[in-house]
Amino acid sequence: MQITSYLALAAILFSIGLYGVLSKRNAVIVLFSIELMLNAVNINLVAFSKYGLNPSVTGHIFSLFTITVAAAEAAVGIAILLALYRLRGTSNVDEYDSLKDESDLQK
Amino acid sequence: MLRTEEMLLNVGPQHPSTHGVLRIVVKIDGEVIREATPVIGYLHRGTEKLAEDLNYTQIIPYTDRMDYVSAMSNNYVLVHAVETMLKLEIPERAEYLRVITLELNRIASHLVWMGTYLLDIGALSPFLYAFQDREKILDLFNELCGARLTYNYMRVGGVKWDAPNGWLQKVEQFITMMEKRMKDYHQLITGNEIFIQRTRGVGVYSQEMAIQYALSGANLRVTGLQRDLRKEHPYSIYDRFQFDVPVGRHGDLYDKYLCRMNEVEESLKIVGQALASFPEKGRVLGKVPRVLRVPEGECYVSIESPRGELGCYLVSKGKDKPWRLKFRRPSFCNLQILPVLLRGENMANLVAILGGIDIVLGEVDC
Amino acid sequence: MFGLVKGLGLTLKNMVKPRVTYKYPHEPLEMPNRFRGIQYFIPELCIVCNQCVRICPTDCITLTGKKSDDPNVKGKVIDTYEINFEICILCDLCTEVCPTEAVVMTNHYELATYSRDDLYKDMEWLSQNNTLVRKENTLHPLPKKTGAKKA
Amino acid sequence: MTGEFFAFFILAICAIGGAVFMIHFDRVMHMALSLAFTFFAIAGLFFLLDAEFVAVIQILIYAGAVSILMLFGIMLTKHQEKEQTFTRTKLHQWLSFLFALGFLAILMSVIYLAPFTLPAGDQSLYSVNKLAEQLFKSGYVLPFELTSLLLLVALIGSIILAKKEEKE
Amino acid sequence: MDWLFYIIGPILLLGIMLGFVTYAILFERKVIGWIQNRPGPNQVGPWGVFQTVADIFKLLTKEDIVPERADQTLFKIAPIITFVPAFLVLAVIPFTDRIRFADLAVGLLYYMAISSITTMGILVGSWSGNNKYALLGGMRSAAQMISYEIPLVMSVIGVVMSAHTLNLTKIVAAQNEVWFIFPQLIGFVVFLIASIAELNRTPFDLPEAESELVAGYHVEYTGFRFAFFMLTEYAYIFAMASLTTILFLGGWQAPFGWTFLPPLIWFILKFAVIVFLLFWLRGTLPRLRTDQLMEFAWKVLLPLALFNIFLTAVLKEVPWIQTFYR
């Protein structure tokens with residue numbers, strides 16, 4: 001087994017995530033894609049921890065931190081999404097282009 | 001709470017907790033009810049209209065089917081109306097039998113309420129326990145009048161049957177047994193923290209509101225108003241018995257439960273007193289004409305049924321059939337407050353509040 | 001917490017109590033004497049007074065009479081007598097008004113059938129339904145009979 | 001062809017398949033599920049890499065919690081629309097596809113050009129006890145505690161964000 | 001012969017689990033019947049022993065209905081997503097020191113992780129059926145299971161601290177002298193309550209609250225798909241009762257050195273007590289409300305579990321007492 005295969009897999013997943021972020025309008029799917037990219041990074045971390053220059057458990061620790069941060073990010077992301085959805089009635093990122101509440105603008 | 005799409009939910013007519021064929025159209029936002037509209041009429045049989053074509057004896061079996069959980073009170077309110085119009089004198093023994101059966105039926109009805117209510121709340125066993133005790137009452141009735149649910153027992157001028165041999169002793173045994181069973185219920189339910197949690201402070205309404213919505217029975221008394229027609233306008237021979245009218249303090253569902261359980265205890269007291277002073281001999285059916293022709297006129301009588309003020313409005317044109325017969329059904333009147341109570345409540349409280357009102361669909365739709 | 005524990009104690013106590021279930025289909029239920037079951041009709045006693053038909057709240061009884069074959073007997077004798085148990089509510093009023101107690105209640109309650117036609121019971125069937133007949137009948141509502149109490 | 005390679009192959013296909021379907025499906029619910037499937041496959045890869053603890057955490061957090069959070073998010077917002085409404089224009093799609101492809105090409109070339117021929121670490125290196133030792137005894141305690149702070153802030157923040165305004 | 005064990009073993013375990021589910025359902029109905037002074041099911045076979053078999057047979061022969069407006073694919077795979085984790089968790093449970101399948105170093109966490117997948121199956125199943133009652137039930141279920149997972153995991157941390165391991169076999173070995181139910185009493189209570197909530201059983205059976213939501217998340221399911229949901233529920237009872245036995249009741253270890261019974265029998269006895277407790281509770285208690293349920297998890301159970309962790313950490317340093325916490 002080579003580290004190359006893991007890195008390649010991570011690269012493929014990362015690129016799929018990247019494509020998703022760039023091409024989708026729906027905020028939920030953008031969030032999905034970001035999670036996918038984070039996971040790809042995790043694969044790298046764990047793979048390096050086993051096949052890296054200094055095999056040690058440090059990579060695991062880093063990936064644990066990443067997972068924690070990603071979980072926090074997902075929670076906040078969904079919360080922001082819900083708040084925006086409530087405000088705008090849509091979950092399309094394209095339409096989140098105004099910094100002001102549109103209901104205020106109409107007044 | 002998160003704001004979500006409002007959802008229209010049809011609770012019923014086939015739903016485990018609507019106690020029959022009631023349908024409630026609720027608009028819910030998440031689990032919070034925004035609007036609730038009861039839709040009734042799925043069990044409408046036109047009893048009042050049918051009655052216009054039947055003579056007074058024939059109406060009695062129809063009244064059995066209105067509030068089928070406490071058919072005795074329905075029987076009684078009809079014959080009471082006719083007797084009031086005819087100014088009949090009812091034999092002593094018949095009055096005692098009426099009181100005993102009415103009160104036993106009240107106990108049975110409250111037991112059904114208690115069991116099904118706990119089932120709504122989610123407890124399985126009290127239902128079975130309550131039905132075991134109710135079964136004993138039904139057996140007593142079966143022995144007395146030959147049916148367990150549709151008694152057809154009261155007659156204009158008295159009752160149909162005298163008590164069979166040994167029946168009164170059985171009632172006495174039942175009372176002593178029931179007093180013990182009440183302790184079990186208090187042990188199982190009254191102190192149960194989850195039950196208290198579910199019912200304390202839920203479905204509260206003020207006394208003014210209860211009066212505005214013409215609530216009656218335990219639904220009214222729970223707000224602290226001591227109004228019981230057995231005390232206010234004593235009909236039959238209720239003025240001879242000593243009993244209290246239990247009232248609630250908070251007007252919530254837990255008080256309703258306590259109120260009804262106390263009523264069961266008071267009913268047991270009444271039956272005990274009635275048994276103690278039961279006349280030795282006497283007829284059970286007074287002198288009534290062969291064909292009942294009620295004199296022209298109208299009257300309204302009301303009694304305290306287990307569910308509240310059960311009224312009967314009778315208009316006669318001197319024939320042997322009523323010209324117009326109208327029942328004031330407590331379930332129907334009490335149900336009117338439901339939309340107000342449900343607004344803003346949790347979905348789980350829907351069944352708790354609906355159950356607390358204690359409706360019988362046969363009576364709501366009549 | 002204590003309330004919950006007390007409740008648990010009660011249910012545990014109930015686990016060893018005797019069972020109350022009726023073994024109904026295996027053992028028939030004993031009904032009391034006054035039980036209002038399917039009617040038993042005695043054609044010999046019927047005087048074709050039509051009172052049961054008139055009192056029936058659901059109009060489920062139909063009867064016809066005919067002239068008696070015996071010329072000595074006055075009045076009619078019963079020809080056909082049918083009760084439709086699809087709509088009969090077993091209210092007991094027919095037996096209550098019958099002046100000769102030609103129709104009385106029995107303790108039979110099994111009315112389940114596979115066909116609605118079977119619920120239409122004719123005179124023959126009703127007159128053969130003669131087991132477990134109610135011993136005492138109701139106090140008669142007629143004023144002249146009210147004194148004769150049977151309880 | 002060793003068992004390990006075989007397992008890697010299957011899991012990699014699952015992971016990539018899940019990711020591709022995630023992009024491809026036209027209902028958000030299906031997307032979320034296929035993403036959860038990817039997470040699951042990645043957890044399997046972690047097992048393969050002797051990272052038991054990370055794998056279990058991956059399942060617990062990603063497949064268990066984050067996916068369900070996503071499903072909640074989907075249920076609470078409206079998603080009747082299909083593919084047409086939530087992808088951008090054709091040109092935009094093609095451009096992003098080309099960009100992602102180019103990025104992948106660069107990454108791949110770097111990966112395959114790099115001289116990675118290092119031996120695998122010994123399995124005994126990766127026990128849970130070792131992980132805990134490393135985490136708590138060699139300087140990661142402060143970051144660890146800070147993560148809990150971060151989680152707390154995220155918890156409170158998301159509650160406040162998602163909470164309904166009282167005025168309505 | 002080792003590989004034979006790993007092939008036949010799981011099949012055997014599946015058989016045992018199915019047998020357990022069959023008779024657990026019968027036993028539950030019997031217990032509730034006894035509580036309610038009824039004999040319980042007694043018609044099919046002597047003492048009603050074939051009642052559940054007949055029920056399962058009925059479910060399997062029933063028409064398989066998929067609602068027309070349902071999301072067909074998800075509707076069909078949701079029972080599988082729900083059931084598979086329920087069986088997967090059994091892999092790490094040691095029934096005795098010899099009868100076990102995977103001796104995972106992170107066995108406890110594995111259980112928690114895998115069992116959280118079921119929530120997803122329930123959520124998907126409830127959503128795909130396109131039924132409002134089911135959706136409400138699914139939402140409740142997901143919210144409840146996620147909320148109660150936290151006190152559940154927190155409550156066992158005390159055990160992990162005492163046993164110094166996440167491996168279930170070693171946790172049992174650590175209870176050689178004293179079962180963890182005694183030093184970890186708070187943890188045990190929290191764990192028991194949270195596990196009942198995880199199992200969606202009375203008094204926490206809101207997701208399938210019959211009187212409110214008709215049947216909860218599986219309203220639309222019929223036939224064998226419905227059977228899968230039922231199977232999942234009881235498979236989790238099997239798993240959770242086993243886990244409780246292992247974590248707090250000393251697993252297969254005999255109390256007071258009463259080794260006259262084999263370890264497996266001791267395990268089954270302890271396990272049966274937990275299962276009976278679940279059924280007994282169901283026969284007695286009413287149901288909580290959603291908001292109370294959440295409040296209970298976050299305001300009562302979680303602080304208690306945290307307090308338990310703190311207490312364990314402190315007591316581990318107190319002389320003499322620390323022998324119980326080791």
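In chain B, a hairpin connects β6(B) to β7(B) through 2 residues. The model is a predicted one, in which local features need pLDDT of at least 70 and side-chain atom pairs count only at pLDDT 80 or more, while totals for chains, interfaces and linings use all residues. Residues are numbered from 1 along each chain as its sequence is written, chains are lettered from A and ligands numbered from 1 in the order in which they are written, and side-chain values use heavy atoms, with hydrogens and water left out.

The two arms of the hairpin are strand β6 (residues 297-305) and strand β7 (residues 308-316) of chain B, which run antiparallel and are joined by 9 bridges. Strands here are DSSP runs of E with at least two residues, and helices are runs of H or I with at least four residues, numbered from the N terminus; two strands pair if DSSP finds at least two bridges between them. Within this pairing, B:Glu298 sits opposite B:Val315 of β7(B).

Chain B also contains helix α14 (residues 347-357), and 11 of its 11 residues are buried, so the helix is largely enclosed by the rest of the structure. Buried means under 20% relative accessible area, exposed over 50%, and partly exposed in between (1.4 Å probe, protein chains only). Among the buried residues of α14(B) are B:Met347, B:Asn349, B:Leu354 and B:Ile357. Directly after α14(B), B:Asp358 adopts a positive phi of about 60 degrees.

Chain C offers another piece of strand architecture. Its open sheet of 3 strands follows the order β2-β3-β5, with antiparallel pairing. The edges are formed by β2 (61-67) and β5 (120-121) of chain C, each of which pairs on one side only. Strand β3 (residues 76-84) of chain C is joined to β5(C) by 2 bridges, and the two run antiparallel. C:Ile83 is placed opposite C:Lys121 of β5(C).

Turning to the assembly, 7 pairs of chains touch, and the pair with the most contacts is A and D. Contact means heavy atoms within 4.5 Å. By this criterion, 80 residues of chain D meet 72 residues of chain A. The two chains bury about 7,000 Å² between them, 77% of it on carbon and sulfur atoms; buried area is the accessible area (1.4 Å probe) that two parts lose on being put together, summed over both. Chain C, by contrast, has no contact with chain A, and their closest C-alpha atoms lie 35 Å apart. Nor do chains C and D touch, with nearest C-alpha atoms 31 Å apart.

Between chain D and chain A, the count is 1 salt bridge, defined as a side-chain nitrogen of Lys or Arg within 4 Å of a carboxyl oxygen of Asp or Glu. The side chains of A:Lys50 and D:Asp50 form a salt bridge at 2.6 Å, N to O. On the side of chain D that touches chain A, helices supplying at least two residues each include α1 (3-24), α2 (28-48) and α3 (52-76) of chain D.

A closer look at chain E brings in E:Ser116, a residue of helix α4 (residues 107-128) of that chain. E:Ser116 is buried, with a relative accessible area of 1%. Its side chain reaches the backbone oxygen of E:Ala113 at 2.5 Å. Not counting residues up to four places away in sequence, E:Ser116 touches D:Ile59, D:Leu60, D:Gly64, D:Ile68 and E:Glu149.

Technical notes. Polar contact = N/O pair within 3.5 Å; in protein donor to acceptor, adjacent residues only side chain to side chain.
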